[in-house]
Amino acid sequence: MGTSVLSLRIDGELLERLRHHAAKRGMSVQDYVVRTLIRDDFDERFQAAVEETERFYGVEGVT
């Protein structure tokens, strides 16, 4: 898997909030944003897997 560049234009206030959150974790803003995106992607894939399992076993609405 290679790497690519993603450029974002964001509000100054948002950038400061990101810097603050990243600094609390001893991370760069770039690393903080990437880890957040990875975590959100995992959460979505996990939820999809749970829903598919529920459909397979016929258990709806149990999470």
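**Pocket and salt bridges**

Colleague: Which helix gives the most to the lining of the largest pocket?
Modeller: With 5 residues, the element that gives the most to this lining in the predicted model is helix 2.
The pocket (on a 1 Å grid over the protein atoms alone, an open set of points where a 1.4 Å probe fits, with protein on both sides within 12 Å along at least five of seven lines) counts as lining any residue with an atom within 4 Å of a point. Helices are DSSP runs of H or I, at least four residues, numbered from the N terminus. So the name you want, giving 5 residues, is helix 2.

Colleague: Happy with that! What ground rules apply?
Modeller: Residues are numbered from 1 along each chain as its sequence is written, and side-chain values use heavy atoms, without hydrogens or water. Local features need pLDDT of at least 70, totals for chains, interfaces and linings use all residues, and side-chain atom pairs count only at pLDDT 80 or more.

Colleague: Which residues lie nearest the centre of the largest pocket?
Modeller: The lining has 13 residues, and helix 1 and helix 2 are the elements that give two or more of them. Those nearest the centre are Leu6, Leu8, Gln30, Val33 and Val34.

Colleague: Which residue forms a salt bridge with Glu52?
Modeller: A salt bridge needs a side-chain nitrogen of Lys or Arg within 4 Å of a carboxyl oxygen of Asp or Glu. Glu52 and its partner are 3 residues apart in helix 2 (residues 29-57), about one turn. With the closest N and O atoms 2.7 Å apart, the partner is Arg55.

Colleague: What is the N to O distance between Arg19 and Glu16?
Modeller: Both sit in helix 1 (residues 12-24), 3 residues apart, so about one helical turn separates them. Their side chains meet in a salt bridge at 2.6 Å.
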